[in-house]
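Subject: A structure for you to look through

Hi,

Here is the structure I promised to pass on. Have it open while you read, and my notes follow below.

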Amino acid sequence: MNIKEFNQSPKKVFESKFRKINSFETPAENIDLSVVDSFGEEWTKFHQFSKDEIDCLGEMYFDIIDEKIINKNTYGIDIGCGTGRFTKYLSDKIGFMEAVDPSDAIFSADNLLHGVENVRLSKASTDNIPFDDETFDFGMSIGVLHHIPNTQMALADCVKKIKIGGYFYLYLYYNLDNKGGLFRFLLLLVTGIRKIISALPNKIKKPICDIIAVLMYMPIVLLGRFLKFIGFKKLAEKLPLSGYQNQTFFVIRNDALDRFGTSLEQRFSKKEIEEMMRNCGLDYIKFSDNIPYWHVIGKRIK
Ligand SMILES: C[S@@+](CC[C@H](N)C(=O)[O-])C[C@H]1O[C@@H](n2cnc3c(N)ncnc32)[C@H](O)[C@@H]1O
């Protein structure tokens with residue numbers, strides 16, 4: 001489809017009252033197609049998030065966003081939207097949102113966002129985002145760019161779609177730069193296991209990740225919940241996987257598959273993320289002090 005023809009006013013989507021998913025060929029320059037296929041498979045299984053689950057995740061991820069950044073006049077884009085869970089969280093706070101993903105997850109997003117009229121969906125990747133440069137007031141990419149071969153280039157492709165003066169929100173896996181030796185050792189172990197599991201066929205991968213959710217995640221999560229229950233909140237927050245203490249088993253299963261089932265995963269320090277953002281013309285960079293690390297927002301100044 002021609003981008004100019006597609007790049008119509010979102011008002012027309014409001015008026016038409018129906019949503020059609022437009023697909024755009026990816027140039028396959030900066031994309032790992034096996035990762036995209038694996039996510040398509042994953043998200044078609046995990047798409048039935050409840051409102052409570054979405055709200056709980058949204059409050060955790062968007063603690064650095066206020067009404068100045070997102071309000072009813074904001075035109076936004078969610079790049080690598082997956083099932084659209086974060087698009088859905090923002091949909092009643094924002095003017096209009098474009099949600100973009102190259103995988104079949106876009107069809108799950110259509111399901112989850114059923115009845116949400118201020119959202120349009122497109123099947124496309126960071127290297128062919130079907131909108132003119134400097135179109136959006138706000139953009140976000142949550143847990144996506146570390147699964148792309150050249151993260152810096154992908155970030156630049158996203159940020160150029162934001163207006164000067166607009167904001168870009170990013171969540172990238174951290175390299176445990178704020179943690180000690182034990183956490184780093186665990187990451188080494190987990191990375192080794194991930195490399196083996198992610199190479200398995202999808203049919204085997206999923207049950208194995210379910211077992212990991214039960215045997216690896218749940219004991220630590222339950223210990224944390226117990227510590228909180230008996231009043232040791234600070235200690236509970238120091239445990240690995242503490243971000244899951246408030247999440248449902250469904251979200252934990254989904255994340256176990258996400259973590260162990262994906263072959264390409266890159267990790268960055270706070271300093272590296274800040275540098276990549278500045279290279280793209282973002283300034284006024286604000287990192288959250290809270291989990292998940294690192295989530296950050298910047299303002300486009302050039
Ligand atoms: C971990 S999921 C995150 C989905 C969503 N942002 C969320 O947090 O629920 C990563 C998503 O990135 C998408 N993705 C992978 N490569 C991409 C690319 N080159 N451009 C855009 N999205 C991509 C995948 O299809 C997948 O849906």
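How many residues surround the ligand, and which are the closest? There are 20 of them, and the closest are Gly80, Arg85, Asp101, Thr126 and Ile142. Before you go further, keep in mind that this is a predicted model.

Let's stay with the ligand for a moment. Three of those closest residues are worth clicking on one by one:

- Gly80 uses its backbone: an N or O atom there lies 2.8 Å from a nitrogen atom of the ligand.
- Arg85 uses its side chain, where an N or O atom is 2.5 Å from an oxygen atom of the ligand.
- Thr126 goes back to the backbone, with a polar atom 3.0 Å from a nitrogen atom of the ligand.

Now zoom out to the whole chain. The domain assignment splits the chain into domain 1, which covers 3–174 + 267–300, and domain 2, which covers 181–260. So that you can picture the layout: domain 1 is written as two stretches of the sequence, and domain 2 as one. Between the centres of the two domains, taken over C-alpha atoms, there are 25 Å. Where they touch, domain 1 brings 20 residues and domain 2 brings 17.

What is the contact between the domains like? About 1600 Å² of area is buried there, and carbon and sulfur atoms give 59% of that. The count of salt bridges between domain 1 and domain 2 is zero, while three residue pairs are in polar contact across the boundary. On the side of domain 1 that touches domain 2, helices come up twice: α3 (33–45) and α4 (51–61) each supply at least two residues. The largest share, six residues, comes from α3. Sorted by type, the residues on this side of domain 1 are ten nonpolar, four polar and six charged.

Salt bridges do turn up elsewhere, as a search of the whole structure finds 13. One to look at is the pair Asp104 and Lys123, whose side chains meet at 3.7 Å, N to O. Asp104 sits in the loop between β3 (96–100) and α6 (105–112), whereas Lys123 belongs to strand β4 (residues 119–123), so the pair links parts of the chain that are 19 residues apart.

Last, some backbone oddities. Most peptide bonds are trans, and most residues other than glycine have a negative phi. Here are some exceptions to hunt for:

- Ile291 and Pro292 are joined by a cis peptide bond, with omega at about 0°. Pro292 is in the loop between β7 (282–287) and β8 (295–300).
- Tyr293 and Trp294 are also joined by a cis peptide bond, this one with omega at about -15°. You'll find Trp294 in the loop between β7 and β8 too.
- Glu134 has a positive phi, near 55°, though it isn't a glycine. Look for Glu134 in the loop between β4 and β5 (136–142).

Have fun clicking around, and write back with any questions.

Cheers

Key:
Residues numbered from 1 in each chain as written. Predicted model: local features only at pLDDT ≥ 70, side-chain atom pairs only at ≥ 80, totals over all residues. Heavy atoms only, no water. Domains from an automatic or database assignment. Contact = heavy atoms within 4.5 Å. Buried area = accessible area lost by both parts, 1.4 Å probe. Salt bridge = Lys/Arg side-chain N within 4 Å of Asp/Glu carboxyl O. Polar contact = N/O pair within 3.5 Å; in protein donor to acceptor, adjacent residues only side chain to side chain. Helix = DSSP H or I, 4+ residues; strand = E, 2+ residues; numbered from the N terminus. Nonpolar A, V, L, I, M, F, W, Y, C, P; charged D, E, K, R; others polar. Near = heavy atom within 4 Å.
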